[in-house]
Amino acid sequence: MSLLIKNGEIITADSRYVADIYCEGETITRIDRNLSVPAGAEVIDATGKFVFPGFIDPHVHIYLPFMGTFSKDTYETGSKAALVGGTTTLIEMCCPSRKDDALASFDLWMSQAVGKSACDFTFHMGVTKFADDTGAQLREIVRRGISSFKIFLAYKGAFGIDDTELYRTLKLAKELGVIVTAHCENETLVAERCRELLAAGKTDPGQHHESRPPAVEAEGVHHLMTFAEVTGAATYIVHLSCQEALDEAMAARRRGVRVAVETLIQYLTLDKTDAERGNFEGAKYVMSPPLRDARNQAVLWNGLRNGLIQTVATDHAPFDFQKQKPMGREDFTKIPNGIPSLEERINLLYTYGVKTGKIDLHKLVDVASTQVAKLFDLFPRKGTIQPGADADLVVFDPDYRGRISAKTQLMNVDYSAFEGWPVEGRPSVVTVRGAVAARDGKFTGTVGRGQFLRRSPSHF
Ligand code: URP
Ligand code: ZN
Ligand code: ZN
């Protein structure tokens, strides 16, 4: 199997040039101008197109038992959707309930993906309790190729951990060189405010953001930063949504706390008025932390541009509007949380970030691929275009014009939060380790070809 991508404009986090890329087997082997066509090579003409490294989504949920139901995608549907959107690697949150053991849960999540995913994948191992045997199980999971943990300072009684568990998790992570990703919201404040709102008869989806205002997230970040400072562990704040939380993270970074920050495409493009839509439509936009006041969008775009924020993820968590979101029709606290967007992250970042001048092409690659690979021990195998790297490539057509619609999406969910939004540009050809997996919005790859990516910790 060999592939020659000719005449594309190669864009990495720090370079831009026109050249041909030759891939032998699963690997990029040569990059140069005017490479001759080797016998038998498949040739892709990328004239007038960008060639990006395969994008990596650092925060997705595919298999997610949550709030009394299951998220809708499988690895088959989710990986297909990812690939047509230019995402060639998924990092999924493995989220055991508090009664489940870490090791058994890791095996369960692996079994959802192995032989079923069309793109490459790995996991952040969720630590949702720290019992007597948890440390030994986590050590074994790290030996099996996982180099990041996930914790929740939210979802009281479900995934949330207490302060003793938080301390022990961070101590172990520091010892093992594992980076700890964290959902930061003060779960007690959330629970109390939900109780008060419901008691006052405020039950509609628009109350969701009232139950968890920015200070609730900022306290969660501050809390994590205190524990990170004392333990020395490397941390990564997932789905940061607002100025107040960013201020806490930056104050900690200035005093030497090891912290990276992720925001989401949803926070960059949607706002809390979406969750206030009538006829229960707002339920489509319920996620945690919630969509914020629109003024935060500029804060987040600026944060990306100036390097305060490292990555853009989706926190893809698809729940159907017709059958699952209505679990919370009479009580917003029962609306399954999540806004699906795995398929659209790159097209939205390009259209509403690059084309509007908020970020440049290098920043797009950096926040959606390179930084993710570096933080999560995949670089330079993933996250860049160079000889020796996996041939995960996105030939991107900047001239494409289209509109987002649930009718055409591959994500297995019955709505799009971005229904009717115009997009300018989309992936034209997507490869995973040297094999074409998507063309012009259609999946053309092989279900089950996706590989589990073994990672070694580096955050000592
Ligand atoms: O609302 C969200 N974010 N749903 C998925 C679970 C999580 O908190 O990441
Ligand atoms: Zn979360
Ligand atoms: Zn999540």
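Which residues coordinate the zinc ion (ligand 2)? Here are some notes on that and a few other points.

1. Ground rules first: this is a predicted model, with local features needing pLDDT of at least 70, side-chain atom pairs counting only at pLDDT 80 or more, and totals for chains, interfaces and linings using all residues. Residues are numbered from 1 along each chain as its sequence is written, chains are lettered from A and ligands numbered from 1 in the order in which they are written, and side-chain values use heavy atoms, with hydrogens and water left out.

2. The zinc ion (ligand 2) is held by H183 through ND1 and by H239 through NE2, at 2.1 Å. H183 sits in strand 12 (residues 179–184) and H239 in the loop between strand 13 (235–237) and helix 8 (243–254), so the two link parts that are 56 residues apart in sequence. Helices (H or I, at least four residues) and strands (E, at least two) are DSSP runs, numbered from the N terminus. Donors here are N, O and S atoms within 2.8 Å of the metal (3.2 Å for Na, K and Ca); water is not among the atoms, so sites may look incomplete.

3. The four donor atoms around the zinc ion (ligand 2) subtend angles of 56 to 149 degrees, which makes the arrangement irregular. Four donors count as tetrahedral if all angles lie between 85 and 135 degrees; four count as square planar and six as octahedral if opposite donors are over 155 degrees apart and all others between 65 and 115; anything else is irregular.

4. For the zinc ion (ligand 3), the protein donors are H59 (NE2), H61 (NE2) and D315 (OD), lying 2.0 to 2.1 Å from the ion. Their spacing in sequence is H-x1-H-x253-D. The zinc ion (ligand 3) is separated from the zinc ion (ligand 2) by 3.8 Å.

5. How accessible are these histidines? H183 counts as buried at 1% relative accessibility, and H239 does too, at 2%. H59 is buried at 0%, and H61 is buried at 6%. Buried means under 20% relative accessible area, exposed over 50%, partly exposed in between (1.4 Å probe, protein chains only).6. One last item on geometry: around the zinc ion (ligand 3), the four donor atoms subtend angles of 86 to 135 degrees, which makes that arrangement irregular.
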